[in-house]
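Q: Could you take a close look at one part of this protein for me, the charged contacts made by its side chains, and then show me how the neighbouring aromatic contacts fit in? I'd enjoy one connected walk through it.

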Amino acid sequence: MPYGSASVDTFNTSTGQVFSPASSSATMKNRIINGDHRIDQRNAGASVTPASGASTYITDRFSALQTQASKFSAQQNQGSVTPPTGFTNYLGLTTASAVSVGGGDTFFVYQVIEGYNITDLAWGTAGAKAVTLSFYVYSSLTGTFGGSLANYLGTASYPFTYTIPSANTWTQISITIPGDTSANWYSNNSTGVGVFFDFGTSSTYTGPAGAWNSNNNIGANGTQTNFITTNGATWQLTGVQFEAGNQATSFDYRDYGNELRMCQRYYTQIVSTSDYYMLAGRGDGSTGLYFGLPLNVALRASPTVTTSAVNCYASGTSVQSTSSTTVPQFNANNPILALYNNGFSGLS
């Protein structure tokens, strides 16, 4: 049976005290998924060079973008750095050359939080709640770095800065951000809020730190350290947490099974070296085969499906196919893909 992947991915700073990981929580305190970078379904720890001008996924739920090609690579546990106490994984980046940031350029890593997962924050209303973004960061560079929160429409962003005081040392960062009271924020399965870590962005996409504005900002004005401008620079990230409230709390360490299922809502791989039995199937009398493929979780939206190989057994005879598979039917509330493949032979 098919194996492959189904993807539905879209799109006041201080160094604080060290927070130790907490036990699994019954609620989703941390709106960031895979904040400790344990899960890497796509790349299985391999290095990735983000495409030019297009988002490229690294560890699950974390993407990178660069507007000039091949300027940095990213990888789970890149550089063999010892993670902070309580963590086993991190996201690492290394620059491939020193870049001159031009007009319209931007280089960043980010995660999109689904709208359903921020509805309780009441952003866009008078009752908007404050949030705190916290994370551990480690870099070969020191100084002031930037980032932002932004909505999907590009009509609201909150640039922020943070300081790395010592090179090659894990530093805990905590940033408290007031809730936005005026912009539109999606509260469905679209993008709720993007969390951006900026590595070098032109003034086109930067704004004043520490306040909401109506622009589409990735970073903050006056950021003194642009990671992307130094050849061979390294930057590592783990323990990312986005939570309601005015202070950072212990990392919401969810059990691996739940964290994996949360990732699989957006991207899932079905890999098998033995038979994977379909839920149901029938031939169309020529070269087509319909079948239902059960998934572990309901997906966020109708996915793009990629198959790397298909083995089908019809009346005891093995039929091979590597044809593309379409998704004619999909129900977001039912974790089953109804698929059709038109490349089989020998069916009747």
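A: Happy to. A residue is called buried when its relative accessible area is under 20%, exposed when it is over 50%, and partly exposed in between. Please keep in mind that this is a predicted model.

Let's start with Arg-31. At 9% relative accessibility, Arg-31 falls under the 20% cut-off and therefore counts as buried. The side chain of Arg-31 meets that of Asp-120 in a salt bridge, with 2.8 Å from N to O. Asp-120 sits in the loop between strand E7 (106-114) and strand E8 (131-139), while Arg-31 belongs to the loop between strand E2 (13-15) and strand E3 (56-57), so this pair ties together parts that are 89 residues apart in sequence. The two partners differ in cover: Asp-120 has 34% relative accessibility and counts as partly exposed, whereas Arg-31 is buried at 9%.

That contact is one of six salt bridges in the count. Now turn to Arg-38, which takes part in more than one kind of contact. Its side chain meets Asp-36 in a salt bridge of 2.7 Å, N to O, and both of these residues are buried. Arg-38 also forms a salt bridge with Glu-259, where the closest N and O atoms are 4.0 Å apart. Here Glu-259 comes from helix H1 (residues 256-264) and Arg-38 from the loop between E2 and E3, so the pair ties together parts that are 221 residues apart in sequence. Glu-259 and Arg-38 are both buried. Stepping back, salt bridges link Asp-36, Arg-38, Asp-252, Arg-254 and Glu-259 in a network.

Arg-38 has an aromatic contact as well: it lies over the face of Tyr-253, 4.6 Å from the ring centre. A second arginine does something of this kind elsewhere, with the charged end of Arg-61 sitting over the ring of Tyr-266 at 3.7 Å from its centre.

From there we can move on to contacts between rings. The structure holds 20 aromatic pairs. Among them is the pair of Trp-123 and Trp-185, which is edge-to-face, with 4.9 Å centre to centre and 70° between the planes. Trp-123 lies in the loop between E7 and E8, and Trp-185 in the loop between strand E11 (171-177) and strand E12 (191-201), so that this pair links distant parts of the chain, 62 residues apart. Trp-123 is buried, with a relative accessible area of 7%, and Trp-185 counts as buried at 11%.

Another edge-to-face pair joins Phe-135 and Phe-197, at 5.1 Å centre to centre and 85° between the planes. This pair also links distant parts of the chain, with Phe-135 in strand E8 and Phe-197 in strand E12, 62 residues apart. Phe-135 is buried with a relative accessible area of 0%, and Phe-197 is buried with 1%. Both rings belong to a cluster in which ring pairs link Phe-72, Phe-135, Phe-145, Tyr-162, Phe-197, Phe-199, Phe-227 and Trp-235.

Finally, a look at the surface. Tyr-152, Leu-153 and Tyr-186 make a nonpolar surface patch of about 270 Å². Within this patch, Leu-153 is found in the loop between strand E9 (143-150) and strand E10 (157-164), and is partly exposed, with a relative accessible area of 39%.

How values were computed. Residues numbered from 1 in each chain as written. Predicted model: local features only at pLDDT ≥ 70, side-chain atom pairs only at ≥ 80, totals over all residues. Heavy atoms only, no water. Patch = residues over 30% accessible without salt bridge, like charges linked within 9 Å, V, L, I, M, F, W, Y side chains within 5 Å. Areas by Shrake-Rupley, 256 points an atom, 1.4 Å probe, with all protein chains shown as cover. Helix = DSSP H or I, 4+ residues; strand = E, 2+ residues; numbered from the N terminus. Buried < 20%, exposed > 50% of the residue type's maximum accessible area, 1.4 Å probe, protein only. Phe/Tyr/Trp six-rings, centres within 6.5 Å; stacked < 30°, edge-to-face > 60°. Lys NZ or Arg CZ within 6 Å of the ring centre and 35° of its normal.
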